Amino acid sequence: MAEWLIEDGIAERRALLLEGERVLAARIIWPGELTAGTRCTGKLATKLKGTRRGVAMLDDGTEALVDHLPPAATEGQTLDLLITRAPMTERGRFKRAQARIAGAEARAAPAPFPSGRKVHRFPAGLWEDVWHSASSASLDFPGGEILVSVTPAMTLIDVDGTGDGREIALAAVSAIVQALRWFDLGGNVGIDFPTLGAKADRRAVDDALDAALAGWPHERTAMNGFGFVQLVARLEGPSMLHRFATARLGMAARMALRRAEIAAEGTGRVLLLSVHPALKAKLEEVWLDELARRTGREIRIETDPGLAIEAAHAQLVDA
């Protein structure tokens, strides 16, 4: 039976949905973020003419787009709100949070984060597999790979492989479903399969997608003559790919801290963390203080311009 495991890291909370030793899905949240499912209050700053939409100023100073405003709502009025989509940073722009008036239906709203069993550490290698796949935005399948790209309009999945187009497309289905769940994708997702001329081949891929996506709420188009399929699913916040696209240093810094925590389970007085110079500036003092508190070690940072941003490593030394 599948179970969510929760790992509270430094500056990041992580979740893996596991079935045995197989990762089905992953989620992350950063402290202080506004998340879908959060109830809050805000003052209606602007009511858009001719619509039931407006912009509310939340108590924390951020703005949210509010849908389905009651006709009697007036500018300056304080509203009880439910966040339906977290704010998101995309290339070249910032998208406000989305909200609606909170009512009795708010009880059915999604939780800000999965509930599950808290663990000190995930089983070895599982989070690393997800993280590195999201970092590279790719997953292999027999005979090929999928490449996933985040754009302001949609997330695009490109299927690439060698051999018969029908076989490549069918083999890619499992990797596509894995990417959707591992990377916490939502919104508009376009899948570019190899072009399949025969309707029977396209139907076979459609049927395989139907079976593989059962239980994942979405709508989708049938494959067109150019091999393109569009999925639409609920988007509640930034996917892991959005975070890597807009905050790669932040993702890498949190992974560096996680590696340091794991390295501290050995022996040695000083925990030496080696990072790229750009990453050192991203390591906040409060995070390093928390690392020292958790590990009981003196923390020392050294920089190496030869290291990749994602390749930070840690070790215990005596001096």
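In this predicted model, His 276 is found in the loop that links strand S18 to helix H6 (277-280). With a relative accessibility of 22%, His 276 counts as partly exposed, because buried is reserved for values under 20%. Apart from neighbours within four places in sequence, His 276 is in contact with Asp 304, Pro 305, Leu 307, Ala 308 and Ile 309. For a sense of distance, the C-alpha atom of His 276 is separated by 29 Å from that of Ile 6, a residue 270 places away along the chain.

Strand S18 itself makes a good next stop. This strand spans residues 270-275 and is mostly covered, with six of its six residues buried. Val 270, Leu 272 and Ser 274 point one way from S18, while Leu 271, Leu 273 and Val 275 point the other way. Such a pattern is familiar, as side chains in a regular strand alternate between the two faces of the sheet. In S18, the residues pointing either way are all buried.

The sheet around S18 is open and consists of three strands in the order S19-S18-S20, with mixed pairing. Its edge strands are S19 (298-303) and S20 (313-317), each of which pairs on one side only. From one strand to the next, the twist averages 25 degrees. In general, strands of a sheet pair through backbone hydrogen bonds, either parallel or antiparallel. Here, S18 and S19 pair in the parallel sense over six bridges, and the partner of Val 270 in S19 is Glu 298. On the S20 side, the pairing of S18 is antiparallel and runs over five bridges. Leu 272 stands opposite Gln 315 in S20, and the bridge partner of Ser 274 in that strand is His 313. Helix H5 packs on this sheet and touches S18 and S20; the direction of H5 makes about 30 degrees with that of S20. Helix H7 (residues 285-295) also packs on the sheet, touching S18 and S19, and its direction makes about 130 degrees with that of S19.

Helix H5 (248-263) appears again among the elements that cover the buried residues of helix H1. Helix H1 comprises residues 126-136, and its buried residues are Leu 126, Trp 127, Val 130, Trp 131, Ser 133, Ala 134 and Ser 135. The cover over these residues includes strands S2 (12-19), S3 (22-29) and S12 (138-141), along with helices H2 (165-182) and H4 (240-246). Just after H1 comes Ala 137, a residue with a positive phi near 55 degrees.

Two of the buried tryptophans of H1 invite a closer look at the aromatic side chains. A search of the whole structure finds two aromatic pairs. In one of them, the rings of Phe 122 and Trp 127 have their centres 5.9 Å apart and their planes at 35 degrees, so this pair counts as tilted. Both Phe 122 and Trp 127 are buried. Trp 131 and Phe 244 form an edge-to-face pair, with 5.2 Å from centre to centre and 70 degrees between the planes. Because Trp 131 lies in helix H1 and Phe 244 in helix H4, the pair ties together parts that are 113 residues apart in sequence. Trp 131 counts as buried at 1% relative accessibility, and Phe 244 is buried too, with a relative accessible area of 4%.

Trp 131 has a charged partner as well: the charged end of Arg 259 sits over its ring, 5.7 Å from the centre. A similar arrangement involves Arg 243, whose charged end sits over the ring of Trp 30 at 4.7 Å from the ring centre.

Elsewhere in the fold, five strands form a closed barrel that runs S4-S5-S6-S10-S7, with mixed pairing. The twist in this barrel averages 55 degrees from one strand to the next. Within the barrel, strand S6 (residues 63-67) and strand S10 (residues 97-101) run parallel and are joined by four bridges. Leu 65 has Gln 98 as its bridge partner in S10.

Technical notes:
Residues are numbered from 1 along each chain as its sequence is written. This is a predicted model: local features need pLDDT of at least 70, side-chain atom pairs count only at pLDDT 80 or more; totals for chains, interfaces and linings use all residues. Side-chain values use heavy atoms; hydrogens and water are left out. Buried means under 20% relative accessible area, exposed over 50%, partly exposed in between (1.4 Å probe, protein chains only). Helices (H or I, at least four residues) and strands (E, at least two) are DSSP runs, numbered from the N terminus. Contact means heavy atoms within 4.5 Å. Two strands pair if DSSP finds at least two bridges between them. Axes are lines fitted to C-alpha atoms, for helices over the stretch in contact, and angles run from 0 to 180 degrees between N-to-C directions. Rings of Phe, Tyr and Trp (its six-membered ring) pair if their centres lie within 6.5 Å; planes under 30 degrees apart count as stacked, over 60 as edge-to-face and the rest as tilted. A charge sits over a ring if NZ of Lys or CZ of Arg is within 6 Å of the ring centre and within 35 degrees of the ring normal.
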